[in-house]
Amino acid sequence: MTPAAPRDLVVTQATLADWPVISAWAAAEGWNPGLSDGPAFFAQDPEGFFLGRLGGEPVSAISVVNHGADYAFLGCYLVRPDLRGQGHGLTTWKTALAHAGSRTVGLDGVVAQQDNYRQSGFRLAHRTVRYTGAAPESATPAGVRPAGPADLAALTAYDSACHPADRPRFLAEWLTGPGHRAVVREDGGRLTGYGVIRPGHDSLRIGPLFADTADDARALFAALTEDSAGREVAIDVPEPNAAGVALAEEAGLRPSFETARMYTGPVRGYAGDRVFGVTTLELG
């Protein structure tokens, strides 16, 4: 049988109704997507998701999600295994990347694709390592409480200091998504960090874990895992944050997967020392 040529591929914007297909492919790759990520992802940029189809059948996917006027993030780059090596991924990539316009584009690239990303103009910023393992016994420390609707403005401002772009639409959905549990830590009424835990296909996922100090991060981690002792949990830690690496190791978690944060150009400065756990590898 003659394989379909890339010219037969039709790339169009995906909708939220297409998300189960993309999520299932990601799960099959072992990426462990969250069970209810779709609504928050599409809230940030509903026009930033793409599917390639042959004869109407989905065969490739990618997201290029715009975060304001200067920054976009690329993720969900997938091709059905039986159709790889035929140019469908590259065609989908080129079509979708135009959505970013002149923005700097970031991504968290898997090891196998990093050379290809370099050839497309992406440059390494740092490694990110996924730590996984059984959640330890823990209890919620003093100063940590569940996040509520009244916290949204403060959390949005805190999040913006820890990320290369503002993302209020995403955050409003992420904090309240089905199965998502968000906690905050305060000191004298001042927010010193927050975190979210959510169910994934293979384990619970922690992200983000943003905090002023290692003690704040440790307290938030304990609160997030309080009801999950013994269950598999995963957190993606930027390698430059040595305190974040130490926190994961102290909790008994071990490296299981790595990616490279890469950018095509400059990004807005942010407090990388507060990023103990990346929000999501798909949107940054």
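**Pockets and aromatic contacts**

The lining of the largest pocket divides into 15 nonpolar, twelve polar and five charged residues. The model described here is a predicted one. The largest pocket holds about 680 Å³ of space, and 32 residues line it. Of these, Trp31, Tyr77, Val110, Gln113 and Tyr117 lie nearest the centre of the pocket. Strand β4 (71-79) supplies six residues, the largest share of this lining. At least two residues each come from β4, helix α3, strand β5 (104-110), helix α4 and strand β12 (254-263).

The second largest pocket has a volume of about 180 Å³. Its lining comprises 17 residues, and His126, Pro238, Tyr270, Val275 and Val278 are the closest to its centre. By class, eight residues of this second lining are nonpolar, six are polar and three are charged.

Aromatic contacts were examined next. The model contains 13 aromatic pairs. One of these joins tryptophan 93 and tyrosine 117, whose ring centres are 5.5 Å apart; the planes lie at 15°, and the pair is therefore stacked, the cut-off being under 30 degrees. This contact links distant parts of the chain, since tryptophan 93 belongs to helix α3 (residues 88-97) and tyrosine 117 to helix α4 (residues 114-119), with their positions 24 residues apart in numbering. Both tryptophan 93 and tyrosine 117 are buried. Tyrosine 117 is also among the residues nearest the centre of the largest pocket.

Tryptophan 93 takes part in a further pair, with phenylalanine 122. The ring centres of tryptophan 93 and phenylalanine 122 are 5.9 Å apart and the planes stand at 70°, so this pair is edge-to-face. Here too distant parts of the chain are linked: phenylalanine 122 lies in the loop between α4 and β6 (123-134), 29 residues from tryptophan 93 in helix α3. Phenylalanine 122 is buried, as is tryptophan 93. Elsewhere, one aromatic cluster is formed by Trp19, Phe41, Phe42, Phe49, Phe170 and Trp174.

Helix α5 (residues 152-161) carries the buried residues Leu155, Thr156, Tyr158, Asp159 and Ser160. The elements that cover the buried residues of α5 include α6 (168-174) and the strands β8 (181-187), β9 (190-199) and β10 (204-211). Tyrosine 158, one of the buried residues of this helix, also meets a charged group: the charged end of arginine 274 sits over the tyrosine 158 ring, 5.1 Å from the ring centre.

Definitions and conventions
Residues are numbered from 1 along each chain as its sequence is written. This is a predicted model: local features need pLDDT of at least 70, side-chain atom pairs count only at pLDDT 80 or more; totals for chains, interfaces and linings use all residues. Side-chain values use heavy atoms; hydrogens and water are left out. Rings of Phe, Tyr and Trp (its six-membered ring) pair if their centres lie within 6.5 Å; planes under 30 degrees apart count as stacked, over 60 as edge-to-face and the rest as tilted. Helices (H or I, at least four residues) and strands (E, at least two) are DSSP runs, numbered from the N terminus. Buried means under 20% relative accessible area, exposed over 50%, partly exposed in between (1.4 Å probe, protein chains only). A charge sits over a ring if NZ of Lys or CZ of Arg is within 6 Å of the ring centre and within 35 degrees of the ring normal. Contact means heavy atoms within 4.5 Å. On a 1 Å grid over the protein atoms alone, a cavity is a set of points where a 1.4 Å probe fits but cannot get out, and a pocket is an open set with protein on both sides within 12 Å along at least five of seven lines; lining residues have an atom within 4 Å of a point. Grid points are joined across faces, edges and corners, and a volume is the space filled by probe spheres set on the points. Ala, Val, Leu, Ile, Met, Phe, Trp, Tyr, Cys and Pro count as nonpolar, Asp, Glu, Lys and Arg as charged, and the others, Gly among them, as polar.
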